[in-house]
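Hi everyone, thanks for coming. I have one structure to walk you through today, so let's put it on the screen.

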Amino acid sequence: MSPRPIIIDCDPGQDDAVALLMALASPEALKVLGVTCVAGNVPLERTQRNARRVCELAGRHDVPVFAGCPRPLLLPLGTAEAVHGQTGLDGSDLPEQSTMPLQDRHAVDFIIDTCLSAGENEVTLCPLGPLTNIAVAIVKAPQIVENIREIVFMGGAALGPGNRTPAAEFNIATDPHAAQIVMEAGAPLVMFGLDVTHTVITTPLRLEAIRNIGTRVSEAVGGMLSYYDRHDPERYGEPGAPLHDPCVIAWLLQPDLFRGKAVHVAVETNSPLTLGRTVADWWGVTNNPPNATVMDRADSDGFYALVIDRLSRL
Ligand code: BDR
Ligand code: CA
């Protein structure tokens, strides 16, 4: 089978970085057509630079990196340096600058052009940050939807609490209006929210196994993840941090690691109290047809075996 064509839309971020590395390490399964960046964990100037630093770490200078929207649709940008550090990739010892060029084209136009020149149901979009770029692409060129095979995204919380506010997860809380545009677009959605990402925890043993790979990449990832999980044991009462964004890539590589349910999901865009909540009709109490497969379970040992296998390839 030929590799599945994907676009990774991201805001690196240490967990975005691991997701990128896993995808770039899997060319037989995934053809990364491009990496598009959005403002999120840190401002756009940083996320696009970080994406290039990570591609360079993977030795993949051939992958084009694009900068997209510098802010959410309606809300002011609220970044997450308290989690990811000032650079977004704190904890790694990567060179501050990348030698890889940033592409001239806007990320939104790259997404549109790529989808329009593809066949029906061909391109998979993998958003790992706020959904601003994807929403703008859909608004600008709604006809791209028919060529999108799936939008497999990290964001939201269907069953449990949020991590940005009591109600909302960071990616959706950052740009709830964009998220609602994507939910309503008609493309098949696969949602990896906190329900599932909080079941894949970077325990000290798993972190040690990553470091023990003993490569330049594993050293950088070990450093990043040690920084990234520094507050989480206290906050969540778990022995490490949830490894959110890599779930998206892990599912593309090995879908049997996860279980989910097809339900209707909508995003709250009005209430100040619950802005950005992903409201999932888990028990089918409305007549709204399912628009998303919402993942809620993972084989966490199998997940980390896959992470380690892919990082070992680089
Ligand atoms: C999401 O928010 C960001 O901090 C992470 O990169 C991930 O995409 C988790 O809520
Ligand atoms: Ca992210």
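Let me start out at glutamine 143, which is partly exposed because its relative accessibility is 42%; by our cut-offs, buried means under 20% relative accessible area, exposed over 50%, and partly exposed in between, using a 1.4 Å probe and protein chains only. Glutamine 143 sits in the loop between H5 and strand S5 (148–154). Its C-alpha atom is 26 Å from that of glycine 276, a residue 133 positions away along the chain. Helices here are DSSP runs of H or I with at least four residues, strands are runs of E with at least two, and both are numbered from the N terminus.

Some housekeeping before we go on. This is a predicted model, where local features need pLDDT of at least 70 and side-chain atom pairs count only at pLDDT 80 or more, while totals for chains, interfaces and linings use all residues. Residues are numbered from 1 along each chain as its sequence is written, chains are lettered from A and ligands numbered from 1 in the order written, and side-chain values use heavy atoms, leaving out hydrogens and water.

Now, the metal. Which residues coordinate the calcium ion, ligand 2? They are Asp11 (OD), Asp16 (OD, listed twice), Leu128 (O) and Asp245 (OD), at 2.3 to 2.6 Å. Donors are N, O and S atoms within 2.8 Å of the metal, or 3.2 Å for Na, K and Ca, and since water is not among the atoms, sites may look incomplete. The spacing of the donor residues in sequence is D-x4-D-x111-L-x116-D. Leucine 128 is in the loop between strand S4 (123–127) and helix H5 (132–140), and aspartate 245 is in the loop between helix H11 (232–236) and helix H12 (246–253), so this pair ties together parts 117 residues apart in sequence. Leucine 128 is buried, at 1% relative accessible area, and aspartate 245 is buried too, at 2%.

Aspartate 245 also takes us to ligand 1: one of its polar side-chain atoms is 2.7 Å from an oxygen atom of that ligand. We call a pair of N or O atoms within 3.5 Å a polar contact; within protein, one must be able to donate a hydrogen and the other to accept it, and residues adjacent in sequence count only if both atoms are side-chain atoms. Ligand 1 has an oxygen 2.4 Å from a side-chain N or O of glutamate 169, and an oxygen 2.8 Å from one of histidine 84.

Next, the open space. How much space lies in the largest pocket? About 350 Å³. Of its 21 lining residues, Val83, His84, Asn163, Phe170 and His244 are closest to the centre. Helix H1 (14–24), helix H3 (81–84), helix H6 (170–174) and H11 each give two or more residues to that lining.

On method: we use a 1 Å grid over the protein atoms alone, where a cavity is a set of points where a 1.4 Å probe fits but cannot get out, a pocket is an open set with protein on both sides within 12 Å along at least five of seven lines, and lining residues have an atom within 4 Å of a point. Points are joined across faces, edges and corners, and a volume is the space filled by probe spheres set on them.

Finally, the search of the whole structure finds one cavity of 30 Å³ or more. The largest cavity holds about 40 Å³, and is lined by Val83, Tyr228, Arg230, His231, Asp232 and Arg235. Thanks, and I'm happy to discuss!
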